[in-house]
Amino acid sequence: MSQDLTADAAVLVTGAASGIGRATVELLLAQGVRVVAVDLDGGALAELGGLAGVVTLAGDVAEEGTNRAAVELAVETYGRLDGVVLNAGTGGTLPWEDPRAVAAAERIFAVNLRGPMLGIRAAVPALRQAGGGAIVVTASVAGLRADPGTWAYNASKSAVLNLVRAAALDYAAAGIRVNAVAPGLTRTRMGGGPGERRTARRVPLRRYAEPREQAEAIRFLLSPAASYVTGATLVVDGGLDASLGLLP
Ligand code: NAD
């Protein structure tokens, strides 16, 4: 058995226009896999739309219609769906007592938790049709530990880790594996920025991840090389979660 996805496989990726999602699309395309790329940012998505082997859908993963339409697009275009990467996410610091905090937190929950819940529900019939498949959700080390001020993000990413475990149990008999990647600090629009050099000193590997290093983990979990892996959280964080934070 090949340890990669077959070249005629079709994979749906959300949050595909930037960062980890974009790097995942690039790795899959290099392997000959065909992709449905979903993102809220239609402008950034247009760049991907020009590539051979990609069809795009601009939409919000927090809406059921986006998830259903993306799966339909995969089946219409490629005749099948073998893998799903539910990667779109949003975050930010929220002062607890800010009058807008509840609405902002609800939006974070909608994208980071409701999005994967809807994505799993939409994809399962097509994955069953293909005789099984793999779902990978991008969670975060922020779902394993907390950071000051990011309570809504922390809560959403913790919840999605257990959503993944529960879905893995419920769909194991159908041959659908469900796993999470938990990235640490990663150099993307969401994760990088001016404080990077200082923050990187707290990471045992002393640097941020490149988006491609997260995409490699996602690709592994999608592939037959991970055929016995389900319900797992693959932490890709340069040792951050293993550390007490007392690095010299
Ligand atoms: P990014 O900002 O580069 O990419 C995120 C993409 O998701 C963007 O293209 C954005 O338009 C899209 N998106 C956001 N909300 C959406 C929605 N509602 N519907 C559809 N698309 C939407 O950031 P990234 O770092 O590549 O983030 C990818 C995932 O990785 C997220 O789930 C994030 O929480 C997670 N993550 C990132 C880091 C990090 O340090 N960068 C660490 C841990 C986890």
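**The ligand shell, helix 1 and Leu118**

Of the 29 residues that surround the ligand in this predicted model, those that come nearest are Gly15, Gly19, Gly89, Met190 and Gly191. Sorted by character, the shell around the ligand holds 14 polar residues, 11 nonpolar ones and four charged ones. Helix 1, which covers residues 19–30, gives the most to this shell, contributing three residues.

Helix 1 is a good place to look next. Its 12 residues reach 17 Å from the first C-alpha to the last, close to the 16 Å expected at 1.5 Å a residue. The buried residues of helix 1 begin with Gly19, Ile20, Gly21, Arg22, Ala23, Thr24 and Val25, and Leu28 completes the list. Gly19 thus appears twice in this account: among the residues that come nearest to the ligand and among the buried residues of helix 1. After helix 1 comes Gly32, which has a positive phi, near 90°.

A second point of interest is Leu118, found in helix 4, the helix of residues 101–129. Leu118 counts as buried because it has 20 C-beta neighbours inside 10 Å, and 20 or more is what the term requires. With neighbours within four places in sequence left aside, Leu118 is in contact with Glu64 and Asn67. Val61 can be added to the picture of these surroundings: Leu118 and Val61 are 57 residues apart in sequence, while their C-alpha atoms are 7.8 Å apart in space.

Terms used
Residues numbered from 1 in each chain as written. Predicted model: local features only at pLDDT ≥ 70, side-chain atom pairs only at ≥ 80, totals over all residues. Near = placed C-beta within 6 Å. Helix = DSSP H or I, 4+ residues; strand = E, 2+ residues; numbered from the N terminus. Nonpolar A, V, L, I, M, F, W, Y, C, P; charged D, E, K, R; others polar. Buried ≥ 20, exposed ≤ 12 C-beta atoms within 10 Å, placed from the backbone. Contact = placed C-beta atoms within 7 Å. Expected span 1.5 Å × (residues − 1).
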